[in-house]
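Q: I am new to reading protein models, and I would like to be taken through one part of this structure slowly. Please keep to what can be read from the model itself.

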Amino acid sequence: MSWEIPFNHAVEEEAARNDSHPMPEKTQRQTHAKVEVSALNFYTFTVIHRGLSPVAMPFTHRSAAADVRAMVGGNAAEPLRVAVLGSTGSIGTSTLDVIAACPGRFSPYLLAAHRSTRLLLEQAQACRPRWVVVVDPVAAAEIGVGALPEGTRLAVGPEALDDLVQSPEVDRVVSAIVGAAGLRSTWAALEAGKTVALANKETLVMAGPLAMRLAEQTGGRIVPVDSEHSAIHQALRTGTAAEVTRIVLTASGGPFRTRSRETLVDVTPEEALKHPTWSMGPKITIDSATMMNKALELIEARWLFGLPAAKLAVLVHPQSIVHSMVEFVDGSVIAQLSPPDMRLPIQYALSHPERFDGPTRRFDFTQAMTLDFAPPDPDRFPAVRLGHEAAARGGTAGAVLNAANEEAVRGFLEGAIRFTDIAEVCARVLDEHPFQPEPSLDDVRRLDAWARQEVVKWACV
Ligand code: NAD
Ligand code: MG
């Protein structure tokens, strides 16, 4: 059986969801049990055959999708209820743009943020979700009576967020909390068998094998939001797993792509926060400048697509138009191109397996366009090598690299360490950590804390 089979993913999703928790009464009444069961069996078979289980399979057929959706419930007209975790961030606000631009397709069910309550309340007034979650109780306490629109309720704290994410009323979870803090709610969503539009790459960097196994057990799905992984997900629709020889992740090269090694020592946070092609949150913008973002993405791809690290490569492409490529055994390279706009991969992750019109900018092919590619320079950007190493080692390497980097970026933004120290301290902590090949989630958390302390100690010396 090959990937070209026009199997419908909507059926898989309905089947997996029904299996893991009760559906809303209306949908239950409409659902046809026989279709669900045969779909689930088919899914299980294809999963084993492809060995790529919890990634929502890229291989679908649009018209078949619509047909089978109608068979399982005739609810194609009902908007999917979306939980947006990290709604006040760069990905979160772009997600709300997509939802607003696709009327009738999605409805915001829950918006969650850490402590940026002013923007969160503005968002709640604009889109009237059922729930607003503020993770920081101090920030939540400042919310005045009557600040929420009618029909919207407030919940506080990370436990409340985990519970609400698992609600049967949530159809899609957008995981867009930044950093290691995003792991627990993504975990909760997968535990409940949800389909997760995953921006929080840290979940897979820290606990890739554990999260993929959890999704396999619960029927949860991950559709990537990261533009590179979205491109790969799309390119994989053209071949089988056995036919893939290499995945090439493109990288903009960041603001210091052409700067000399000597001058990188003097880079300031202000300079590093100016990205040439993407507008993103501060943490990932610094990661793009050091190219640690590509290191994290190598690890993310390793677990998401179940490919050995040796099949993953990085190519610098300053225009950020080719978002990544897949090379097949016959030498064909399939790439996905679009203007640099995160709303497209977000919409793809929300709408998969369907495609429809959305807010994303289009190319103007009447204008000349140049695409450049070059290998990354390992001397100026040593972080990329750390990504290859951590992807190859697996185990606790990803969690330690991620935690050391988060702490080092914080130190750099606060003026405690230099730009070039970031990769240096990460390399040292990665080398010195007590490696475990098959960690539990507790091991991951313990080593995350250990790595942060090591960076703080190093910065204080
Ligand atoms: P951001 O800093 O702009 O926003 C972060 C969001 O997370 C905010 O809503 C904030 O309130 C929330 N948050 C922070 N700490 C939290 C906590 N402890 N509990 C609950 N919520 C918390 O970040 P971003 O750029 O939107 O990135 C979000 C994630 O998406 C990151 O994992 C990043 O790597 C990934 N990503 C971002 C982009 C991009 O273009 N911005 C692209 C690819 C992947
Ligand atoms: Mg990316």
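Among contacts in the chain between residues at least 6 apart in sequence, what percentage join residues at least 24 apart? With that as a starting point, please look closely at the open sheet of seven strands and at what lies against it.

A: The share is 73%, counted among contacts between residues at least 6 apart in sequence, and these contacts join residues at least 24 apart. Please keep in mind throughout that this is a predicted model. The chain has 461 residues, of which 48% are buried, and its secondary structure comes to 20 helices and 11 strands.

The sheet you ask about is open, and its seven strands are arranged in the order β4-β3-β2-β1-β5-β6-β7, with parallel pairing. At its edges are β4, residues 153–156, and β7, residues 221–224, each of which pairs on one side only. From one strand to the next, the twist averages 25°. In general, the strands of a sheet pair through backbone hydrogen bonds, and the pairing can be either parallel or antiparallel.

One pair within this sheet can be followed in detail: β1, residues 80–85, and β2, residues 106–113, are joined in the parallel sense over six bridges. Within that pairing, Val84 has Leu111 of β2 as its bridge partner. Two helices that lie against the sheet can be added to the picture. Helix α16, residues 343–351, packs on the sheet and touches β1, β2, β5, β6 and β7, while its direction makes about 170° with that of β6. Helix α8, residues 158–165, lies across β1, β2, β3, β4 and β5, and runs at about 150° to β3.

A single residue, Ala197, shows what such packing looks like in terms of contacts. Leaving aside residues up to four places away in sequence, Ala197 touches, among others, Val173, Val174, Val223, Ile346, Ala349 and Leu350. Strand β6 covers residues 195–198, and Ala197 is also one of the residues that touch the most other members of the largest nonpolar core, a group of 116 residues in which Ala83, Val84 and Leu110 are likewise named. Helix α18, residues 397–413, gives this core its largest share, nine residues. The core also draws at least three residues from each of domain 2 (80–224) and domain 3 (229–394).

For comparison, there is another open sheet, in which four strands follow the order β9-β8-β10-β11 and the pairing is mixed. Its edge strands are β9, residues 312–316, and β11, residues 333–337, each pairing on one side only. Neighbouring strands there are turned by 20° against each other on average, with direction ignored. In this sheet β10, residues 322–328, and β11 run antiparallel and are joined by five bridges, with Val333 of β11 as the bridge partner of Glu327. Helix α11, residues 227–235, lies across β8, β10 and β11, and runs at about 40° to β10.

A last point concerns confidence: the mean pLDDT of the chain is 87, and 84% of its residues reach 70 or more. Over residues 1–53, however, the pLDDT is below 50, although this stretch has 89 contacts in the model beyond near neighbours in sequence. Residues 59–74 also have a pLDDT below 50, with 41 such contacts. Where pLDDT is low, the predicted coordinates should not be read in detail.

Note on methods. Residues are numbered from 1 along each chain as its sequence is written. Chains are lettered from A and ligands numbered from 1 in the order in which they are written. This is a predicted model: local features need pLDDT of at least 70, side-chain atom pairs count only at pLDDT 80 or more; totals for chains, interfaces and linings use all residues. Two strands pair if DSSP finds at least two bridges between them. Axes are lines fitted to C-alpha atoms, for helices over the stretch in contact, and angles run from 0 to 180 degrees between N-to-C directions. Two residues are in contact if their C-beta atoms, placed from the backbone, lie within 7 Å. A nonpolar core is a set of buried Ala, Val, Leu, Ile, Met, Phe, Trp, Tyr and Cys residues joined through C-beta atoms within 7 Å. A residue is buried if 20 or more other C-beta atoms lie within 10 Å of its own, exposed if 12 or fewer, and partly exposed in between; C-beta atoms are placed from the backbone. Domain bounds come from an automatic or database domain assignment. pLDDT is the predictor's confidence in each residue, from 0 to 100.
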